[in-house]
Every structure is written in C-alpha cells, then in structure tokens.
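User: Please zoom in on one part of this model for me, and skip the general tour. I'd like one connected walk through how that part is put together and what packs against it.

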Amino acid sequence: MAQPLVTGHNVSFVAVARFVDRTVVAWCSHGANVDLAGVRTVLDPASMQHIERDKHYNFASAGVAWHLTSDGDTWIYVAITATDYPLRHASGLLGELKGAFAPKATKGLNTRLAGGLNGDLQPKFSRLCARYDDLTQVDNIHATLGKVEAVKVVMQDSIELALQNCVSLEAIDQKADELQSQAGMFKSKAKKLRSQMWWKKCKIQLLITFLVLTIIGVIVIIIMAYTGAFKDKDKKKDK
C-alpha cells in the first residue's frame, strides 16, 4: 500500500473526499509533501467501506496520525497530524474543516477532477492548518471557546430562570385577577344577602310587633272582662 510522505510538523495535511467515489475534491499540504496516491489508498472502499456519521476515526501509519470523520453518506474529512497531536484538537480541526468546506459542498458534488476545488478552498484550508499547527494558539482558542460555552450555559440558565419567573409572575397575576373577580362576586353576593337579611329582619320585627299587640289586646280584653267593664257599659245602655 502506498504511504504518503509527510515532512510537516503538528498538522501536515487536510482534505475532503466525496464519499461515493472517494475522489479528493480539495486538499491542502502544510509544510509537508503528501503522496495523494497513499491518501486515495487509505480512503479506498476496499479498506474503509463503512464510515459512521460524525465518528472520529484515528490511527497511526508510517509515523503520522490519520484522523477521519464523515457526514454519513456525502463527504469524508481527513487530517494528517503528528502522532502525539492531541485528539481533542484533531476533532476541533475536523469540525472546522467541515465548516470551511460547507459553502462549496454543492459545487463539490459536480466536480469530476481531483483537487477541483483547490483554487476555492486552499487559502482557507492553509490558514486552518497554520492555526491548528500552533498548539499554544489552539489551546488559547479552545480555552476561550470553553469560556464562551460556559458563559452561554450561564446565560441559558439565566434565560430559563427568567422565563420561569415570568411564568410564575403571570401565574400570580392570573391568581390575583381570579381572587379580585371572586372578591367582586363575594361583595355583590354579600350586599344582596345583607339586603335580604334586612328585609327578613323587618318582617320578623313586624310579626313580633303584631304578636305583641295581639297579646296585649287579648290581655286587655280579659282584664276588662274580669273587672266588669263590659257589664257597666251594658247597664249604661239600658238606662
């Protein structure tokens, strides 16, 4: 099997190959002399038929480390680095390689020649290799990205908390409106009940007054009967 000759440093080579026919539509060497025949051999379906989506494949061969990933069934992304190159940075390199290639992906589907997109993408790929070749710079970038992600998480948590508070405030407002409505209904019913009770009291008072007067009248009649008041009136009438 032909092997690529690599004379670079940390990052030596990046490439994008079409999944169906394994044509390398764009590549960039960074301080290295890479044998494309060896790249094609590594990517040959006979040796690498199935590549899982978004899985990071890495292996060492001929003194270099290979890193590959795929979007499933359209593109394969390749990076060749030093064997001691950190995997987390290699994964970041492949991720940014995807992003750099994405604007030209449609054009790449119609490209028949190997390297057909080099003119469009080599400057971008070259800057990407140079940036990831400097581990100090990459560490700083990843540290900054980590801080950004941490800030994003904090902001997301704050937003979720604020939304929860908004929901709570809305629920409180709704409860307050319901209580106010219920208070209004209670006040109306209380007023109506008070009016009904007043009329009931008046009726009871009138009834009691009537009964008292009736009893007094009966008592008066009885007293007059016993005292002979009615007989005296009859005698006067007879005279």
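Analyst: Here is a look at the sheet, strand by strand, followed by what lies across it.

Two bits of housekeeping before we start. This is a predicted model, with local features taken only at pLDDT of at least 70 and side-chain atom pairs only at pLDDT 80 or more, while totals for chains, interfaces and linings use all residues. Residues are numbered from 1 along each chain as its sequence is written, and side-chain values use heavy atoms, with hydrogens and water left out.

The sheet is open and has five strands, in the order S2-S1-S5-S4-S3, with antiparallel pairing. Strands and helices here are DSSP runs numbered from the N terminus (E, at least two residues, for a strand; H or I, at least four, for a helix), and two strands pair if DSSP finds at least two bridges between them. S2 and S3 (57-61) sit at the edges, each pairing on one side only. From one strand to the next, the twist averages 15°.

Let's go in from the S3 edge. S3 and S4 share five bridges in the antiparallel sense, and Asn58 stands opposite His67 in S4. Their hairpin has two residues between the strands, and Ala62 takes a positive phi there, near 55°. Next door, S4 (64-70) and S5 run antiparallel too, joined by six bridges. Among the partners across that seam, Trp66 is matched with Ile80 of S5, and Thr69 with Tyr77. The S4-S5 hairpin has four residues between its strands, with Gly72 at a positive phi near 120°. On the other side of S5, seven bridges tie it to S1, again antiparallel, and Ala17 has Ile76 as its bridge partner in S5.

How well covered is S4? Seven of its seven residues are buried, where buried means under 20% relative accessible area, exposed over 50%, and partly exposed in between (1.4 Å probe, protein chains only). That goes for both faces: Val64, Trp66, Leu68 and Ser70 on one side, Ala65, His67 and Thr69 on the other. S5 tells a similar story, with seven of its seven residues buried. Trp75, Tyr77, Ala79 and Thr81 make up one side of S5, and Ile76, Val78 and Ile80 the other.

So what does the covering? Helix H1 (36-43) lies across S1, S2, S3, S4 and S5, at about 55° to S4. Those angles run from 0 to 180 degrees between N-to-C directions, with axes fitted as lines to C-alpha atoms, for helices over the stretch in contact. Leu36, Gly38, Val39, Val42 and Leu43 of H1 are buried. They end up on the same side of H1 because they cover an arc of only 155° around the axis, taken from the directions from the helix axis to the C-beta atoms. As background, an α-helix has 3.6 residues a turn, so residues three or four places apart point the same way. The buried residues of H1 pack against S1, S2, S3, S4 and S5, contact meaning heavy atoms within 4.5 Å.

H4, meanwhile, lies across S1 and S2, at about 40° to S2. That brings us to the largest nonpolar core, which has 24 residues, with Val14, Leu97, Phe101 and Phe125 making the most contacts inside it. A core here is a set of buried Ala, Val, Leu, Ile, Met, Phe, Trp, Tyr and Cys residues joined through side-chain atoms within 4.5 Å. S1 (11-18), S2 (24-29), S5 (75-81), H2 (87-101) and H4 (118-133) each supply at least two of its residues, and H2 gives the largest share, six. Not counting residues up to four places away in sequence, Phe125 touches Val14, Val16, Ala26, Trp27, Cys28, Leu97, Ala100 and Phe101. A second, separate core of 21 residues includes Ala15, Val39, Ile76 and Val78.
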